[in-house]
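Dear colleague,

Please find below the structure that I am handing over to you. My notes on it come directly after.

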Amino acid sequence: MPNLRSVSVDRAQQMVELRGLRLAAGVYFLSPNNWRSDIEPETTYLQYPQPEAATPKGAAAAIWTFRKAVEGQELMETPDFVGQTWGEVKRELEDSPLELMNDTAFCEDAAVVTDQYPRAGSKTYAGTSIFFVAKKEVAP
């Protein structure tokens, strides 16, 4: 996985495509108290998987740009989706203030979520994009 931090979203797209990966781009809202004047719009600040991680062709790379939360924007605890099926997660997020980052062709509805970013229990603002890692269950 290339280091996608501090590059534009367009550049990140090019970098992952050159490696045969797919890009999921989202937004992470920061508290006004944590906002800095040097944060650039459309610049990647967070990524998954981490740089240098072994990543198979066709896998998804997730990136987040930062936006400043506004007064009154809901601060919430990120729910725990690990262990749910992809279909359950999609239905649950229809009524959630969090944004689904993965595209609908991500995987089969029966695949099970094994990880999520932001992590369960973390405080996030409404509108923040959430990314999921899911695997198809293999019968024993």
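The notes below concern one glutamine and its surroundings, and then the aromatic pairs.

Please bear in mind that this is a predicted model.

Gln-116 belongs to strand 6, which spans residues 112-117. Its relative accessibility is 2%, and because buried means under 20%, Gln-116 is classed as buried. Two backbone oxygens lie within reach of the side chain of Gln-116. That of Pro-79 is at 2.8 Å, and that of Pro-118 is 3.3 Å from a polar atom of the side chain. Leaving aside residues up to four places away in sequence, Gln-116 is in contact with Thr-78, Pro-79, Asp-80, Phe-81 and Val-82, as well as with Ile-130, Phe-131 and Phe-132. Pro-79 therefore appears both among these contacts and as the owner of the backbone oxygen at 2.8 Å.Turning to the aromatic residues, a search of the whole structure gives six aromatic pairs. In one of them, the ring centres of Trp-86 and Phe-132 are 6.0 Å apart and the planes stand at 70°, so this pair counts as edge-to-face. The pair joins distant parts of the chain, with Trp-86 in helix 2 (residues 86-93) and Phe-132 in strand 8 (residues 129-135), 46 residues apart. Both Trp-86 and Phe-132 are buried. Phe-132 is also one of the residues that Gln-116 touches. Elsewhere, Tyr-28, Tyr-45 and Phe-66 are linked into a cluster by ring pairs.

With kind regards

Terms used:
Residues are numbered from 1 along each chain as its sequence is written. This is a predicted model: local features need pLDDT of at least 70, side-chain atom pairs count only at pLDDT 80 or more; totals for chains, interfaces and linings use all residues. Side-chain values use heavy atoms; hydrogens and water are left out. Helices (H or I, at least four residues) and strands (E, at least two) are DSSP runs, numbered from the N terminus. Buried means under 20% relative accessible area, exposed over 50%, partly exposed in between (1.4 Å probe, protein chains only). A polar contact is a pair of N or O atoms within 3.5 Å; within protein, one must be able to donate a hydrogen and the other to accept it, and residues adjacent in sequence count only if both atoms are side-chain atoms. Contact means heavy atoms within 4.5 Å. Rings of Phe, Tyr and Trp (its six-membered ring) pair if their centres lie within 6.5 Å; planes under 30 degrees apart count as stacked, over 60 as edge-to-face and the rest as tilted.
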